[in-house]
Amino acid sequence: MKNLKISLSALMLISSGFAALPCAAEPFREYATDATSTPPSANKDHTNTYQYWKDRANLPTMNGTDEWKLNWKFRDRPGNDQLHGGDEAYDRGEMLYKKLNADGNFSACIGSKDGNLKGVRLMYPSYSEAAKKVVGMEAVIEQCAAKQNMKLMNGSYDNSAVSIYVASFSNSMPMKIDVSQGPLKESFERGKTAFNLKAGRNNLACASCHVNMVGNNLRGQTPTTMYGDATHWPTWRGKDELQSLHVRLTECDRNAGVQPLKIGSMTYTDIEVYLSALSNGYPMLVPSMRD
Amino acid sequence: MRGLLVGLAATVVLQACANQAQAPAKVAEVAPVEVKPAAVWPAGLPQDALYNPEGKNKTTWPQPVKNSGELKYNEHARDLSKWITRSSDDMRSSIMPMKVSLNGAPLNGDAARGKEIAMNTGRGNCWACHALPGDAQPGSSGPSLIGFKSRGYSDDMVYQFVYDRRAVNPNTVMPPFGAIGNLNDQEVRDVVAFLQSLN
C-alpha cells in the first residue's frame, strides 16, 4: 500500500512536470514599435502628412514621388468625381437594403432608432450584448440579414454593398468611437498589439511598413500612414474587387507572408477597432475607390 | 504522506495550467472550412486561421463574388501555417534571434542562383526594400545594395546578416531569412554569394 501511494504521487509529479513546461514560459514575441507610443486619434505627428490630407476638398497638388503624402485621399470625392465599382455596389446595397427592411425590422436590428440611417455607421465597432463580443458593422449586417432569411456573409460583395449604402448616410460626419473604457478599450489594446506584432514567414508587423517604412519605396509601392484610413471602407479596389476592411486584412497578411485569419475573427475586429480609433475626427466617405 | 501532498499540489498547478491554456473562449462563427478530424489541424495553429487541412496548400483566402452574399475561398500559393499569426489565441513562440557563423569553412554559394532568389518577389524578395543593379523600380526602405562588395564585409558577416540580421541589430525590420525558415541554408549562402559579387 505504501509503495502504491509513492508511485501514485510520483506519477502525479511526473505528469505535472510535463504539463507545466509549456505554460510556465510566455511565448517569445517581437514588436515593430513601442506598442504604447501611438496616440488614438488622427494625428498630425505621425508622418507629418495630416496637414496635406485633412481636408479632402482642398488637397494640395503633389507630384509622383510625393503623392503618398496625400494618403490616397485624392482617390476620394470631391477631388475624384469619376464613377466606379463602389457606386455600382452602392446601388445594389440600396436595392438589398430596401428588400431587407421591408418591415422596418432590419434598420432597427442594425441600430437605427427611427428607421433613419444617419449616424448608424458611427456606432461601430461596438460591444454587442447579444454576441458578448465587440463587432464591426458588417458582422451585424450578416446577423440581421439572417433574421430576414437573407444570407449576407461577412466580407461578401452583397454584405459590403449594404454596408456602403448604410454608411453613406453618415458621409462627412467624423468617426468617433470611444475606446477609453470597457470592452472597446480592451479590443483597442489587443488591436494595437496585433498591429505591432511581428508574424509570419517574414517576421513582419503591420507597423513594420506603415510606421517604420512610411514614405519609402517597396519597389512600386509606398506605404502610407494608418491614421485616417478607416472611414472609406468597404472600398472598391482597382483590381475590380469590392473589399471590406477584414477582406483587405487577409490580403495584407498574405502579402506580408502571414497566415490570414477568418473574416469577423476577434483579432481582425480588434485591428478594425484600433484603426477606427486612429480615424477619430476624420469624416466618413463612401463609396470610395483605392488601387 | 508528504509525497502525496506534493502530488496533490502539483495536480492543482496542473489544473491551473490547463485552464490557462484553454483561456480564450471560442465563440461560434460561420466557418468557411469545416474542420473535421482535429488531428490534421496543426498543433498550435489558432482556430480562427483561414486554413483547410484537406487543401493542397492548406492556407486559404476569401474572395468576394460580385452580386453574391457568399465568399469564395481560394488556396494561397503556399502553406503559411507554421509561422505565428496575428491571432490573440496564437500561443506559439516566434523564432529567437540566432547567431550563426561559417566557422572558417568556405561559403559554397552560387551567385547566379542567389540573384534568382534576391530579385524574385515570390522568393527572397530582397528587391522589395533594397536597390539592386538592373531594377527599374528600386526599393528604398533598406540601404542600397549596389556596389555591396566594395563595403568589405566578410562572407561570415554577410551570412549572419541574411540568416538573421536581428543578432546584429535587434530593431531591424529585415526578415531573419535563415532563422525563420523562409530560405534554407543553401539559399542563404547563394544570396550571400550574389551580394559579394556586386561591384
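A residue is called buried here if 20 or more other C-beta atoms lie within 10 Å of its own C-beta atom, and this cut-off will be used at several stops of the tour. The model on the screen is a predicted one.

**First stop: helix α3 of chain B**

Select residues 155-164 of chain B, which form helix α3. This helix is mostly covered, since seven of its 10 residues are buried; to see them, colour B:Val158, B:Tyr159, B:Gln160, B:Phe161, B:Val162, B:Tyr163 and B:Asp164. Part of the cover over these buried residues comes from α4 of chain B, and that helix is worth keeping in view for the next stop.

**Second stop: where α2 and α4 of chain B pack**

Now add helix α2, residues 111-118 of chain B, and helix α4, residues 185-195 of chain B, whose axes lie 7 Å apart and make an angle of about 100 degrees. Because of that angle, α2(B) counts as roughly perpendicular to α4(B). To display the contact itself, select B:Ala111, B:Arg113, B:Gly114, B:Lys115, B:Ile117 and B:Ala118 on the α2(B) side, and B:Glu187, B:Asp190, B:Val191, B:Ala193 and B:Phe194 on the α4(B) side. Coloured by class, the residues of this contact come to six nonpolar, one polar and four charged.

**Third stop: the hairpin of chain B**

Move to residues 60-64 and 71-75 of chain B, the strands β1 and β2, which pair in the antiparallel sense over five bridges. A good place to start reading the pairing is B:Thr60, which stands opposite B:Glu75 in β2(B). The two strands form a hairpin with six residues between them, and in the turn B:Asn67 has a positive phi of about 55 degrees.

**Fourth stop: chain B as a whole**

Zoom out until chain B fills the view, and count four helices and two strands, which follow one another from the N terminus in the order α-β-β-α-α-α. Colouring residues 29-90 and 111-195 separately shows domain 1 and domain 2, and the C-alpha centres of these two domains of chain B lie 31 Å apart. Of the 199 residues in chain B, 33% are buried. If contacts are drawn between residues of chain B at least 6 apart in sequence, 49% of them join residues at least 24 apart.

**Fifth stop: A:Trp68**

Switch to chain A and select A:Trp68, which sits in the loop between α2 (50-53) and α3 (85-100). Is A:Trp68 buried or exposed? A:Trp68 is buried, because 21 other C-beta atoms lie within 10 Å. Its contacts, apart from neighbours within four places in sequence, are A:Gly215, A:Thr222 and A:Thr224. For A:Thr224, a distance label between the C-alpha atoms should read 6.2 Å, although this residue and A:Trp68 are 156 residues apart along the chain.

**Last stop: A:His246**

Finally, select A:His246 in helix α9, residues 245-255 of chain A. A:His246 counts as buried because it has 26 C-beta neighbours inside 10 Å. Beyond its neighbours within four places in sequence, A:His246 is in contact with A:Asn154, A:Gly155, A:Ile263, A:Gly264, A:Tyr268 and A:Glu272. One further label can be placed between the C-alpha atoms of A:His246 and A:Ile271, which are separated by 9.0 Å and lie 25 residues apart along the chain.

Conventions
Residues are numbered from 1 along each chain as its sequence is written. Chains are lettered from A and ligands numbered from 1 in the order in which they are written. This is a predicted model: local features need pLDDT of at least 70, side-chain atom pairs count only at pLDDT 80 or more; totals for chains, interfaces and linings use all residues. A residue is buried if 20 or more other C-beta atoms lie within 10 Å of its own, exposed if 12 or fewer, and partly exposed in between; C-beta atoms are placed from the backbone. Two residues are in contact if their C-beta atoms, placed from the backbone, lie within 7 Å. Domain bounds come from an automatic or database domain assignment. Axes are lines fitted to C-alpha atoms, for helices over the stretch in contact, and angles run from 0 to 180 degrees between N-to-C directions. Angles under 35 degrees count as roughly parallel, over 145 as roughly antiparallel, 65 to 115 as roughly perpendicular and the rest as oblique. Ala, Val, Leu, Ile, Met, Phe, Trp, Tyr, Cys and Pro count as nonpolar, Asp, Glu, Lys and Arg as charged, and the others, Gly among them, as polar. Two strands pair if DSSP finds at least two bridges between them.
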